[in-house]
Amino acid sequence: MNNNSFHLTRRNFILSMGAFAATMALSPRDLIAEIRHPIQRPIPSSGELLPVMGMGTSRTFDIGKNQVVRNQLTEVVQVFFENGGKLIDSSPMYGRSESVVGDLLKATGKQDAVFAATKVWIDGRQNGITQMQESMQRMGVEVMDLMQIHNLRDWKIHLPVLKEWKEQGIIRYIGITTSHGREHEALERIMQMEDLDFVQFTYNLEDRIVEDSLLPLAADRGIATLINRPFQRGDLFRKVRGIALPDWSTELGCQSWGQYFLKFILAHPAVTCVIPATSKVHHMEDNMGAGFGRLPDATMRQRMLAHYESL
Ligand SMILES: NC(=O)c1ccc[n+]([C@@H]2O[C@H](COP(=O)([O-])OP(=O)(O)OC[C@H]3O[C@@H](n4cnc5c(N)ncnc54)[C@H](OP(=O)(O)O)[C@@H]3O)[C@@H](O)[C@H]2O)c1
């Protein structure tokens, strides 16, 4: 079944629920969210449960005032929350994205439902403080759920500020990020030395280097993991274009290659949450589908990897 058929099936389901929902205070979409339970994982440092499907905002949320584009992205955000999503990841590095997140949370009335995550990405203590204050204003949150140091930038300077802010309740969790396999040795040392709540790095079927050390270390140290570039910025889809999903993957509830890629990641026991980015409503519906139903066991993950590598 491809993305479109998943979309149609869901739409048909929404329509068929319409009459029933009309008798209740819930909209059909809210009703679906009520009766489906998204997979969640605990944040090790607190035990707080987080839905495994989050969303990224790099490039996709860097948009201007065009109302058509904004309406489309508003629906992307609505579909995210309707399917149990919570964590939205942004950064001052992503142009207008933080402000657009703030605007769309307001437009959808989801300011209280979001688990807001952003980053500090600048050199110097005071510059960092000013940037983080601006980020909170842009995203429209009084408390930032997760503040991360972007790409380890000036981390020795920012980390003490983040610890103070956590003490003061200005932020709830502290994290640090990398991507593309960069600076893993330095990150490993920081994870060993410091008390972090979250770490973020790249993991997908093409880029599995974090299986060797960072994922097991995160599990050992009780650090939650956010997985960026789960589609290798879309490269995974280019590899499987025109190729049918193997029949056996539907046993796992995979209705698309997107869900195949995401369920492979989510089934790693050290993964807490994955943050794919999309500008399209039907891609968001597709991606969120990976956070429901079954996840592959270790044998099935090996089969998924071997099959992908044989293509
Ligand atoms: N150092 C860091 O801290 C760091 C580095 C990189 C990324 N990140 C974070 O991680 C997030 C995700 O990484 P990313 O945005 O680079 O890459 P990604 O999520 O791997 O890929 C995004 C691309 O996949 C496409 N896509 C999404 N869902 C799809 C679907 N179901 N079917 C087909 N295509 C689909 C999107 O296009 P459409 O818009 O057409 O759907 C987009 O071009 C970022 O947005 C950011 O928040 C952090």
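Here is a short conversation about the predicted model shown above.

Visitor: Which helix gives the largest share of the shell around the ligand?

Guide: Happy to start there! The ligand is surrounded by 29 residues, and G56, S179, N228, G258 and A277 are the closest. Sorted by class, that shell holds six nonpolar, 18 polar and five charged residues. Three residues, the largest share, come from residues 281-289, that is, helix α11.

Visitor: Which strands stand at the edges of the sheet?

Guide: Let's walk across it. The open sheet has eight strands with parallel pairing, in the order β3-β4-β5-β6-β7-β8-β9-β10. Two of these strands have a single partner strand each, so one side of each is left without a neighbour in the sheet. Those edge strands are β3 (55-56) and β10 (273-274).

Visitor: Which residue of β10 does L226 stand opposite?

Guide: A nice detail to look up in the structure. Strand β9 covers residues 224-228 and runs parallel to β10, with two bridges joining them. Opposite L226, in β10, stands C273.

Visitor: Which helix gives the most to the largest nonpolar core?

Guide: This core has 75 residues, and those touching the most other members are F80, M147, F198, F261, I265, L266 and V274. With seven residues, the top contribution comes from residues 257-266, helix α10.

Visitor: And which residues is V274 in contact with, leaving aside its neighbours within four places in sequence?

Guide: V274 is a good one to pick, being among the core residues that touch the most other members. Its contacts beyond those neighbours are V52, M53, G54, I227, P230, L262, I265 and L266.

Note on methods
Residues are numbered from 1 along each chain as its sequence is written. This is a predicted model: local features need pLDDT of at least 70, side-chain atom pairs count only at pLDDT 80 or more; totals for chains, interfaces and linings use all residues. A residue is near a molecule or strand if its C-beta atom, placed from the backbone, lies within 6 Å of it. Helices (H or I, at least four residues) and strands (E, at least two) are DSSP runs, numbered from the N terminus. Ala, Val, Leu, Ile, Met, Phe, Trp, Tyr, Cys and Pro count as nonpolar, Asp, Glu, Lys and Arg as charged, and the others, Gly among them, as polar. Two strands pair if DSSP finds at least two bridges between them. A nonpolar core is a set of buried Ala, Val, Leu, Ile, Met, Phe, Trp, Tyr and Cys residues joined through C-beta atoms within 7 Å. A residue is buried if 20 or more other C-beta atoms lie within 10 Å of its own, exposed if 12 or fewer, and partly exposed in between; C-beta atoms are placed from the backbone. Two residues are in contact if their C-beta atoms, placed from the backbone, lie within 7 Å.
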